[in-house]
Amino acid sequence: MRALRFHGRRDVRLDEIPEPEPAGDQVKIAVTAAGICGSDLHEYRGGPISIPTTDPHPLTGEVAPLTLGHEFEGKVVAVGPRVREIAVGDRVAVNAAIWCGECPPCRAGHTNICTKIGFHGVSGEGGAFADFDITRERNVHRLPEAIPDGIGALLEPLATGIHAVAQGRVSAGDMVLVQGGGVIGLCIALAAREAGAEQVVLTEPSAARRAAAKRFGATITMNPLAGSVVEFIGDITDGLGVQAAFDAAAAPSTLDTAVACTGAAGTVVNVAAWEKPVPFDPTTLLYRETAVVGSLAYTSADFDTAVRIGAARGADLASMVTTTITLDEAAGTFARLGEDIGDDIKVLVRPNRYP
Ligand SMILES: [Zn+2]
Ligand SMILES: [Zn+2]
C-alpha cells in the first residue's frame, strides 16, 4: 500500500510498504480523510522534533522512516481477535495518543501526559497518510452520522482545544483571549464558547483566519500586528483583564502578552510547541497570582466530548477545510506548505473514498 513516510528534514516520500493486518486488540482502518497538522509541518521544516530517528520510541520501539498522519477518520475493514465493540463497517475517528497505562499519570487518568507518551503518526504504530492504518480498539471512537464525511479528521484537533479549555478552567460568563487563529486556536475558541465563555477575543494576523474565527465563536477579532493587544484588552475590560488566555501562536511576545492580559487569579494556557526558548519575567505573575499551565493533547474523555460537539457543529467544522488533496499529492503539498501555509486553515488528504 501507499504510505507517506518521514525520512528526515524536508524529506517525506510516498513509499510502498506492506499492508498492516490487525492482531490482538487492533483495528484496521481504510483511511478516508486525514488532516495535515501544524506539527507535521514543523517536523518537515525543522525536524526531527518528536519523531524518533536514533533512539527507538519507548512504547512503539520504532525509528524513522515512519508514516505521518495523526488526525483522521476512516472505515473499519478488519479487526483483531480480541476486539470487542468495534466492528467491520464502522466509521471511526482515532485518538492518536499512545500511552502505557501503567505509570502514575496514566493510573491517575492523565493518559495524555503518560511518562512515555507517544503519538500515532509521529512515534510509530502506523500513520494516516496511507491507504490503511491500524490502531488499538481503545483509541477508536465511532462517529455519528451528523458529522459530515471527512470531518471526523477534525475531532483530533478539536479534542486538543477542549482539553486546553479545561486546563484554562473556563466557565460560564468568562471572557477569554486566544492568540493564534490556526486550527488549534479556532478549536479553542469553539470549545471555550461550548464551555460557556461569553466573549472570545481572538488575535491573528491573517484576515482570512480572522474571518473564520467568527464562525468558530470568536466575538471579537484583532490583528496583533496592527495595534497593542494588551492595551486593547485593558480598554475592553476596564483594566481587569480576561479570565483565561491561550497561546496558540508561539510568537516571541505572545507569552508576555497573555500574562499581561490575564486578570486576578486567571490562567495562561500554553498549547504551542515553541521552536526556541523566550525570555520571561516571572515577577509578572505575582500581582494577580496568574497561573501558567501547559496543555498537551487530550484524554479519551476529551475525545468523547469532541465527538459530541462535532455532531452538533459539523458544518462549522467543515468550513475549516480549505484544501483537499489526494495521497499522491501529499509529498508535493508538504513541500509547498512547508514554505508558507498562506491562508490555508486545514488541508485534508483523502487516500480513499470508501466504499
Ligand atoms: Zn495535530
Ligand atoms: Zn503511562
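**Stop 1: helix 3 against helix 8**

Select helix 3 and helix 8 in this predicted model. On the helix 3 side, pick Leu 155, Glu 156, Leu 158, Ala 159, Ile 162 and His 163. They meet Asp 302, Phe 303, Thr 305, Ala 306, Val 307, Ile 309 and Gly 310 of helix 8. Colour this contact by residue class: 8 nonpolar, 3 polar and 2 charged.

Now draw the axes. Helix 8 covers residues 300-312, and its axis comes within 8 Å of the axis of helix 3. The two cross at roughly 115°. Helix 3 is therefore roughly perpendicular to helix 8. Their crossing is right-handed.

**Stop 2: helix 3 against helix 4**

Keep helix 3, residues 155-167, on screen and add helix 4, residues 183-194. The axes are 8 Å apart, and the packing angle is about 55°. That angle makes helix 3 oblique to helix 4. This crossing, too, is right-handed.

Which residues of helix 3 meet helix 4? Select Pro 157, Leu 158, Thr 160, Gly 161, Ile 162, Ala 164 and Val 165. Their partners in helix 4 are Val 183, Ile 184, Cys 187, Ile 188, Leu 190, Ala 191 and Ala 192. By class, the residues of this contact divide into 12 nonpolar, 2 polar and no charged.

Leave Leu 158 and Ile 162 highlighted for a moment. Both appear in the helix 3 list facing helix 4, and both appear in the list facing helix 8.

**Stop 3: the two domains**

Zoom out and colour by domain. Domain 1 takes two segments, 2-157 and 298-350. Domain 2 is 169-294. Place a centroid on the C-alpha atoms of each domain; the centres are separated by 27 Å.

Next, show the boundary. Here 14 residues of domain 1 are in contact with 14 residues of domain 2. How much area is buried between domain 1 and domain 2? The figure is about 1,300 Å², with 64% coming from carbon and sulfur atoms. Select Arg 313, Met 320 and Ile 345 on the domain 1 side. Together they supply 36% of the area that domain 1 buries against domain 2, more than any other three residues.

**Stop 4: helix 6 against helix 7**

Select residues 229-236 for helix 6 and 254-261 for helix 7. The axes come within 9 Å and cross at roughly 15°. Angles under 35 degrees count as roughly parallel, so helix 6 and helix 7 are roughly parallel to each other. The crossing is right-handed.

Show the side chains at the contact. Helix 6 brings Val 229, Val 230 and Ile 233. Helix 7 brings Thr 257, Ala 260 and Cys 261. The tally is 5 nonpolar, 1 polar and no charged.

**Stop 5: backbone checks**

Finish with the backbone torsions. Most residues other than glycine have a negative phi, and most peptide bonds are trans.

Go to the loop between strand 1 (2-8) and strand 2 (11-16), and select Arg 10. Is the phi of Arg 10 positive or negative? Arg 10 has a positive phi, near 55°, and is a residue other than glycine.

Then move to the loop between helix 1 (38-46) and strand 4 (66-67), where Pro 48 lies. The peptide bond from Gly 47 to Pro 48 is cis, with omega near 0°. Continue along to Pro 65, also found in the loop between helix 1 and strand 4. The bond leading from Ala 64 to Pro 65 is cis as well, with omega near 5°.

How values were computed
Residues numbered from 1 in each chain as written. Chains lettered and ligands numbered in written order. Predicted model: local features only at pLDDT ≥ 70, side-chain atom pairs only at ≥ 80, totals over all residues. Heavy atoms only, no water. Axes fitted to C-alpha atoms, helices over the stretch in contact; angles between N-to-C directions. Helix = DSSP H or I, 4+ residues; strand = E, 2+ residues; numbered from the N terminus. Parallel < 35°, antiparallel > 145°, perpendicular 65-115°, else oblique. Left-handed = near helix turned anticlockwise from the far one by under 90°. Contact = heavy atoms within 4.5 Å. Nonpolar A, V, L, I, M, F, W, Y, C, P; charged D, E, K, R; others polar. Domains from an automatic or database assignment. Buried area = accessible area lost by both parts, 1.4 Å probe.
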